[in-house]
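Got your viewer open? Load the structure below and get ready to click along.

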Amino acid sequence: MSPLESISEKLGTTEPWIERGGAHWLPLGAMNVRELASAMNGLRARFVTITAYQLPKEEGFRLEYHWDLGGQLLGFSFQLAGNSIESIYDLCEAVDWIEREIHEGFGIDFTGREYEPLLLRKGDTPGVNLREAVAASNAVAASKEKI
Amino acid sequence: MSYKIPMGPYHPALEEPYKLDLICEGETVCDSQLRIGFNFRGIEHLAETRNYFQVIALMERVCGICSNIHTLTLCQAMEGLTGLTPPPRAQYIRVIMAELERLHSHVLWAGIAAKLMGFKTMFMTCFEIREKIMDVLCTISGNRVNYAMNRIGGVNRDITDPQAILKMVEALELEMAHTVIPIFTTSRTAISRCANIGVLTTEKAVSCGVVGPTARAAGLPQDIRRAAPYAAYEEMEFDVPVQPAGDVTARLLVRALEIMESCKILRQALAKLPPGEINTGDDKFPFTTGTATSRVEAPRGEVMYSVSWKEGSRTPSRVHVRTPTFANMPAIRWMVMGARLADTPLIQASIDPCYSCTDR
C-alpha cells in the first residue's frame, strides 16, 4: 500500500488523490478539519502551513491545509461559508502562528482557542479583514485627494 | 520572585527588530513571549497588484539574505501554472546560485554567532570569507544582494566561465575547512558557550514543525533537496548532516557540515554544467487558472510558495509565502526555557532567524 493509499484508508475515504500544482490533493467530503489533523498526527505527517483565500462576492473563504509526508506535499481544501472554522491548535502546536496570522489578516475565527496579542500590527484591532480594511482606507484617502 | 526582561525590539543581538520578553527567576529564564510584526510590509497583498515580471522583483525583497531562494520558489510555482520547464543548464545555474547563497548565509550566521560568543576575531574572519562568497555571487549575477537571476522558464544570466568560479569555490572551501570549521568545532570558547544550551528535543521539534538546520540539529533528517528534489538536485550527490543533541553546538555543527556539502554540490554542478539555453526565451506567459505550490530548501529551512492565478490575468490573485523562520521561531520559547539569561541572545540567534521573512 502506498503512503497516499494508507492516508485514504486512515481517513476512511475512497476518493482518488489528485496531483495538481505541486501537491497531492484529497477531496474530504464531510470530514472536518479536526478529524484530518488527528489522522495526520497518527501518520506523523509534518504540518507545513495553511493558505487562506478570500473568494469573490459573498462566497466566503477557502482554507488550504498542507502537510508533508516523506517529502510528498499533501493538500486539503476547506470551504468556509462564514468566517469561522474549528482550531486545530490543541492537536497540532505548529499551527499556532499561521492561525493567528489568518485571524489577523482575513478576520477568520479559529474557534476553540485563545488568541495572544497581535502577531502583526501591534495595538491594532484583531479579527478584522485586513484586505477590506486597507481597501476602505485607500478609498477614503483617494476621495480626500479628489477634494 | 519572577521579573520580566524585555529583549528588543532593538538589541545588539538582533539583526532585525523583534521582541522577546523573558520571564526570569534570578538568572534563569522560566518562560518567554515572542512579539513580531515590526517588519510587516504587506508584501503578499502587494504581490496581487504586480504583474508577472514585477512580482519576481518584489518577492526577491522579502529577504535580504536568501533573496535568490524566494525568486526561485516563486518562479517554480509560476512555471507550474504556465507549463514551462527550464532548460537543464538553467536548472544547474539555479543549484549553483542556491548553494552559493547557502554558503554566504551560513558564514554570515557563523560570524554573528561568533560575535555573540564574544569571539570577535572569528566574527571578522567569517565576514571576510563572506565577502569572497559575495564576490562570486556578484561575478555571476552582477549584484551582491538581490541577484535578479531567476525568471519564469529559467535564469537571466549565464555562467560563462565555470572553471573560474570553480577555482573561487575551491579557495573558499579550503579556507573554511582550515579556518572556520576547526575553530568552531574545537575551540574552547565556542564549545563552552554552545554545548548543552538552548536544547530543542526531537519530540518538541516534531510538534513545533521546525525546519532546516534547526530540525536537523534536533535529529530530524528532513531536507527538501533530498525528499522532493527540484532544479538539478536529483543529479547531485550530497549528504544531509544530522545531529541528535538539539543544542546550539548541534546547530553549529550542522551548518558547518552543510558548508562542506554545499561546496561538494557546487563542484559537481560547475563540473557538469550542461550546454544549451539558459531560459525558454518566452516573454509572454499563458497562465492557467489554478494554484501551484513550490518548496525549496533555503539556508534556514523549507520555504513554500502558494501562487494562484486566473487565466488571462497579468497579476496573481494570491501569493502566500511560508518562510522557515515563521516555522522555527515559536520553538525559541522552548529553547530558552531553563536557560541562563546571558545565553538567550545566542540561543535565539542559533536558529538564524530572519524577521523580515517572517513578517513579510
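Start in chain B and select β6, β7 and β8: they form an open sheet of 3 strands, in the order β6-β7-β8, with antiparallel pairing. Keep in mind as you look around that this is a predicted model.

Now colour β6 (290-298) and β8 (318-322) of chain B. These two strands stand at the edges, and each has a single partner strand, so one side of each is left without a neighbour in the sheet. Turn the view a little: neighbouring strands of this sheet are turned by 15 degrees against each other on average, if you ignore direction.

Next, zoom in on β6(B) and β7 (residues 301-309) of chain B. How many bridges join them? There are 9, and the two strands run antiparallel. Strands of a sheet pair through backbone hydrogen bonds, so try switching those on in your viewer. For one pair of residues to click, pick B:A298, which stands opposite B:G301 in β7(B).

Then add helix α3 (residues 67-82) of chain B. This helix packs on the sheet, where it touches β6 and β7 of chain B. The direction of α3(B) makes about 150 degrees with that of β6(B).

Last stop: show both chains and go to where they meet. The contact takes 24 residues from chain A and 27 residues from chain B. On chain A, select β3 (46-54), α3 (96-106) and α4 (130-146), since each supplies at least two residues of the side that touches chain B. Which element of chain A gives the most to that side? That's β3(A), with 6 residues. Colour the chain A side by residue type and you get 11 nonpolar, 6 polar and 7 charged residues.

Methods
Residues numbered from 1 in each chain as written. Chains lettered and ligands numbered in written order. Predicted model: local features only at pLDDT ≥ 70, side-chain atom pairs only at ≥ 80, totals over all residues. Contact = placed C-beta atoms within 7 Å. Helix = DSSP H or I, 4+ residues; strand = E, 2+ residues; numbered from the N terminus. Nonpolar A, V, L, I, M, F, W, Y, C, P; charged D, E, K, R; others polar. Pairing = 2+ DSSP bridges. Axes fitted to C-alpha atoms, helices over the stretch in contact; angles between N-to-C directions.
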